[in-house]
Every structure is written in C-alpha cells, then in structure tokens.
Amino acid sequence: MQNYVMAIDQGTTSTRAILFDQQSNIIGIAQKELENYYPHPGWVEQNANDIWASTVGVMFEVLAKTGIKDTQIAAIGITNQRETTVVWDKESGQPIYFAIVWQSRQSDSYCEAFKAQGLEEMIKEKTGLLLDPYFSASKIRFILDHVAGAQERAERGELLFGTMDTWLLWKLSQGAKHMSDVSNASRTMLMNLKTLDYDEELLKLWNIPRCMLPEIHDTSEVYGYTSGLFDHPIPIAALVGDQQAALFGQTCFNPGEAKNTYGTGTFMLMNIGKEVKLSENGLVTTIAWGLDGEVNYALEGSVFVAGAAIQWLRDELKVIDSSEDSEYMANKVSDTHGCYVVPAFTGLGAPHWDQYARGTIVGITRGVNKYHIIRATLESIAYQVNDVLNAMKADSGINLAALKVDGGASANNFLMQTQADIINAPVNRPCCVETTAMGAAYLAGLAVGYWSSKEEVRHNWSIDQKFYPSITEETREQKIKGWNKAVKYSYGWAKDE
C-alpha cells in the first residue's frame, strides 16, 4: 500500500524532504542547511553538487526517521528555489561553474546593456518579466562567458542548463530526464508566456543554444522514476517553482485568491486565471501551474530580503541568538522610536526594482536601542509586503478579502499582527505553514491518483489563526509615510555617480 507522498523542498538556505499522508498531515521532516558563497559584493553562489548530496541525504533521513519504506511512497514532488542556474557537462554530470543563486546580481551588466538598447518592453511582452539579473537568462550568459570554451561546448550539445528542479530530476533519474515545468520555465526569461515554448528571438538575443535547455512539461505529471537510489523506483510526478507550489498548497485555485510566503525573501502571488495579464505596476506575470493540459497564470511581487533580514540580526549584528528571539525582543518596546530599517541588501525587488539600492537605517536618535532596530527590521517586512499588495490591487482591480500566509517567518505573531495592521486586512495563517512542500505533494499526488481532485485537496486546508487590523487609519498612514520616505534614501546607493 502506497500511503505517503514525499515532497523535496529545495530552497535557498536548506533542502528538506517532507512526508505527507492523505489528510495532508506531516509524517516526517528531514532538513539540511546549505552554504551560500559570496565571492564579491552582491554575488551569491552555491555548489550544485552539495545541493544534490543534501537532497539524497534528506530523502534517506526522513525514511529512516519515520521507519517508512520506499515501497510506501506513491510519488515524489519537487519544489525549488526558482531562477537559480546551473550548467553541467552532459557526459560527466559535473557542473562547470557554481550555481548562480536567484538573489545574485553578478549578471546585471547584460541587463543594463539590453536596457540601453530599449529591449525591456519586448522582453516583458514575451515573458511577463522585468529585465533584471534575478531571472535565469543573464545567469546562463554569465556562465557561458566566464568559463573557457563553454559557449562552443554548449553549441555542440555537450552542456545542459537547468534550474534546481531540472538538476534534481536529471540526477534522480541518472541522466535519463532533462525536463522542467511551465512554472519554472516561465522564470528563465527564455519562454514565451503565450506559446509556452522557448522564444527564438530571445534565444538569439541571449545567444543561448536551445539544445542545452530542458523540455517544458506540465507541472503535474509523471516525469520519470528514481534510478539507482532505492530498490523500488519511485515516480517523480511534480516539478514546481516554490512560490507557485505555495499558491497551490494554499488552495488559491480561483482568480483573485492570493498568498504571501515569508522565506528568505517574501513572495506574493495572486491567481489571475487562464489569461495572460501584464503588470503596469512593477510586478511580473508568471505561470502558476500547468495541470491537465491547462495553464493558470499569476501576478507576482518578489521582495528580496525578509527572513534574511532576521538572519542578519542573528548572524551579523548578533543582537538575537535565534530567529525566534526576534518576536520577544520586538515586544520589549512599544514602537521603533521613529527608526526605520530598509533591508535592501541586494537591491530592491517589486515594485521598486532598484538593483543599486542598499540597506539603510534612518531616523536614529540617541534613544534608539537594539530592541527598536529589531522591531524596525520585522516591521520592514510588513511594509515591503504592503508595497507589493498595493501594486497587485492596482493591476488586478481586486481588493483582497484576506491574505493567506505561510513560510518560516509566518510563525512570528508580532510580524503577522503588524502585517494585518499595515495592509488593513485580515491575515490568515493555516494549520500547516509548510504550504510550499504541501503544494508539491498535492501536484505529485494528483498526477498518480493519490488525491482524486483539487476539491479533495481544498478540503484539507484549515486556518490556525486569524490576525485582524488593530491600529487607527491615522497611525497606519503615518507609519507608511515614514516607510516611503525611508525607502527613498536607499535608492541608487551602489551606483557610481
């Protein structure tokens, strides 16, 4: 009897394997932290082999911890940090360069050059994306330019590209399957949103050979089987970008339903249905998922630094010992004493899109202490989410009835209450905040008949806690006004005059 679905949640800071049963209960979790490398300011890289090793490790660990056998796993769903780019040798399976992480700005010169040529609108029209080093195309270009002979080898069909879903599928299947899904492919800046295929004009523009790119498939289908790892081959039945997985895991199946995930960054997605709608307010249009041959689109606003700001308090400033301490410390003062933190460590994402912005702390007076700075750092996450939400309202014309939340920092009650106060709408936290992994599990389970329908999946979703707005309109406006002023001071800091 195949009683469980395994989700592999390959994130920026860790890789996890989570087992779910049919009622969406978590049966077991295994996690391994990953090392990020920062060779230059603004650059972020990872070792793709370490990511693979961590994946194998957590898969075996979760089975060992729970005593569950591989024969009891109905399917594996993979969800992943999305734009992170790896290029590897087709024969040896060895990466030719470290994986360039989605946050990394090392390929920004290519984007700047294309902006100077006025290509932004054409790229947005085709891909729904903004011309930014966040997406994979410029990262591939960087690797092909910075590894001797790589362009020629790619053209000869000797090199393969993948985002993490593709890399892990290729490794799990022992090189048998080189595929991606529409949700991940829509983040490469090479796929046309309407044709759902790589766009010839864009491939030519970036000078990227089509033969190195993975086949594009639906999000929920049997891609292949594990090979050489377990006695029993397990179907790999979902590939899905982490934010789209969370949208599915939060059962936002209808247009106008939205969720916000608080991870390393924060990512708000709103389901906009079956039609492409381009943003006019600094958001991107992306593919939510491909299911049963139909595609759902979403509007997305990405904030680069959220949970990473809490890690900064812990690891660099050393004003807290653990991320959980931030809530206790923030509550030790009644306000921020007029101080604002703008955590633009690697630039600002939606809706500002200023890659030259850098982190700032403003409004410091003699009375400001570490508790005020901790509180201001947590509040900065809520302000950034509000900026995205306002852009989403303007694009969609929809006022949110409530915001569904998930991700690590959604466990912070102070942050969730602040979020409700700032957006002036209820914030709903589900019983299971592991909605990214859950979305991948659902999509894999649907592909193999473990769950029969989206309705069955929706039935499993339940609320743990609701947070309601509790401040006056005057206080809200005053706080947001201060934030808007603070953000402007961070603009353009890293740009050479």
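**View 1. Asp464 is partly exposed, with a relative accessible area of 43%.** This is a predicted model, and we start with the pair that Asp464 makes with Arg429. The two form a salt bridge, with the closest N and O atoms 3.2 Å apart. Asp464 sits in strand 23 (residues 463–467) and Arg429 in strand 22 (residues 427–430), so this pair ties together parts that are 35 residues apart in sequence. The arginine end is tucked away: Arg429 has a relative accessible area of 6% and is buried, whereas Asp464 is partly exposed.

**View 2. Five charged residues are joined into one network.** Here you're looking at Arg82, Glu83, Arg187, Asp242 and Glu300, linked by salt bridges that share partners. For the whole model, the salt bridge count comes to 25.

**View 3. Lys65 and Glu61 pair up within helix 1.** The closest N and O atoms of this salt bridge are 3.7 Å apart. Helix 1 covers residues 48–66, and the two partners are 4 residues apart in it, so about one helical turn separates them. Lys65 counts as exposed, at 55% relative accessibility. Its partner Glu61 comes in at 33%, which makes Glu61 partly exposed.

**View 4. Glu112 and Lys115 meet in a salt bridge in helix 2.** Their side chains come to 3.5 Å, N to O. The two are 3 residues apart in helix 2 (residues 108–116), so again the separation is about one helical turn. What about accessibility? Glu112 is at 27% and counts as partly exposed; Lys115 is also at 27% and partly exposed.

**View 5. Asp395 is buried yet has no salt bridge.** This aspartate belongs to helix 12 (residues 370–396). Which side chain of opposite charge is nearest to Asp395? That would be Lys277, and the distance is 6.3 Å. With the salt bridge cut-off at 4 Å, Lys277 at 6.3 Å doesn't make the list. There is a polar atom to look at, though: one on the Asp395 side chain lies 2.9 Å from the backbone nitrogen of Glu280. Setting aside neighbours within four places in sequence, Asp395 is in contact with Lys277, Ser279, Glu280, Asn281, Leu283 and Leu299. So Lys277 turns up among the contacts of Asp395 even though Asp395 has no salt bridge.

Technical notes:
Residues are numbered from 1 along each chain as its sequence is written. This is a predicted model: local features need pLDDT of at least 70, side-chain atom pairs count only at pLDDT 80 or more; totals for chains, interfaces and linings use all residues. Side-chain values use heavy atoms; hydrogens and water are left out. Buried means under 20% relative accessible area, exposed over 50%, partly exposed in between (1.4 Å probe, protein chains only). Lys and Arg count as positive and Asp and Glu as negative; His and the chain ends are not counted. A polar contact is a pair of N or O atoms within 3.5 Å; within protein, one must be able to donate a hydrogen and the other to accept it, and residues adjacent in sequence count only if both atoms are side-chain atoms. Contact means heavy atoms within 4.5 Å.
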